[in-house]
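Biologist: I have a model open and would like to see how its labels are earned. Could you take me through the reasoning?

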Amino acid sequence: MFQRELDNYRDNGFVVLEGFVDEGDCAQLRVRAAEMVQKFDPAEVVSIFSTNEQNRTTDDYFLTSGDKIRFFFEENAFNVDGTLKYEKEKSINKIGHALHDLDPIFERFSRSEKIKDVATAIGITNPLLLQSMYIFKQPNIGGEVTCHQDSTFLYTDPIDIVGLWFALEDATIENGCLWAIPGGHRSGLKSRWVRSNEGMKFDIFDNKPWPEDQLVPLEVSKGSLILLHGLLPHRSFENRSPRSRHAYTLHLISAGANYPADNWLQRSKTMPLRGF
Ligand code: FE2
């Protein structure tokens, strides 16, 4: 990374690195995700991912997926009678959350020297790979993700986390690209989503609404990498277009930071977090 890109990341809380992923890797990840979905049998379990009413819509299938490969449906994938509006391949919202540990193709991609160098350059010391997601943002029904900070869901003390968002297709306003508030990472953590005896809940530290009029669209071409600071407010809108918007995401944390037991994402003792 160049100094100018590092400065952008520090000033804005995000930076776009164009052309980070080559054509071959984009294609390989897409093919692999398609194979996984093909093998997934929706008769096993149907779990929906939604950022609206997140406490209510989160289920055990989600909460125990931190060290597994699991499949989550778009909220709008179903007809009123419970059948799918579109084929399975056009109904999955995302796959998560340990592709980087459990699938050889995603592991090879995720544990590259190139990615390790980026993490080190922005100051994540001894980076550990915490979470991976393959996000489909399906045509016509791709759900919105409301404005949030990733540290709300993946908290570390100190806050030492970076999100890597790899565009596997062009991301535009039309198909639901990311939006972010430049510099918003300096305004502190608004909430934490924590496990409690009564299930999941939000601990609120700051009740003010996000200044969403300050959001800017991050339209990027296929192969781009967007780095997102853990405190950066960002969101995406629904995809109503006929084009999908596939992305792969990784979250890296510093091995020296404390990872609390009340974060939603927990790993079994037999599958501890690993670095590169
Ligand atoms: Fe996020």
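Modeller: Happy to; we will go through cysteines, aromatic pairs and charges over rings.

Modeller: Keep in mind that this is a predicted model.

Biologist: Why is there no bond between the sulfur of Cys-147 and the closest cysteine sulfur?

Modeller: That closest sulfur belongs to Cys-177 and is 13 Å away, while a disulfide needs the sulfur atoms within 2.5 Å. The two are therefore too far apart for a bond, and a search of the whole structure finds zero disulfides.

Biologist: What makes Cys-177 count as buried?

Modeller: Its relative accessible area is 1%, and buried means under 20%. Cys-147, at 11%, counts as buried too.

Biologist: On to the rings: why is the pair of Phe-62 and Trp-193 called edge-to-face?

Modeller: The structure holds 19 aromatic pairs. In this one the centres are 6.3 Å apart, and pairing asks for centres within 6.5 Å. The planes meet at 65°, and over 60 degrees counts as edge-to-face, so the label fits.

Biologist: How do you know that this pair ties together parts apart in sequence?

Modeller: Phe-62 lies in helix 4 and Trp-193 in strand 9, so the parts it ties together are 131 residues apart in sequence. Both residues are buried, and both belong to one aromatic cluster, whose members include Phe-49 and Trp-264.

Biologist: And what makes Lys-114 lie over the face of Phe-20?

Modeller: Lys-114 is 4.4 Å from the ring centre, and the distance limit is 6 Å. Likewise, the charged end of Lys-190 sits over the ring of Trp-210, 4.7 Å from its centre.

Notes:
Residues numbered from 1 in each chain as written. Predicted model: local features only at pLDDT ≥ 70, side-chain atom pairs only at ≥ 80, totals over all residues. Heavy atoms only, no water. Buried < 20%, exposed > 50% of the residue type's maximum accessible area, 1.4 Å probe, protein only. Phe/Tyr/Trp six-rings, centres within 6.5 Å; stacked < 30°, edge-to-face > 60°. Helix = DSSP H or I, 4+ residues; strand = E, 2+ residues; numbered from the N terminus. Lys NZ or Arg CZ within 6 Å of the ring centre and 35° of its normal.
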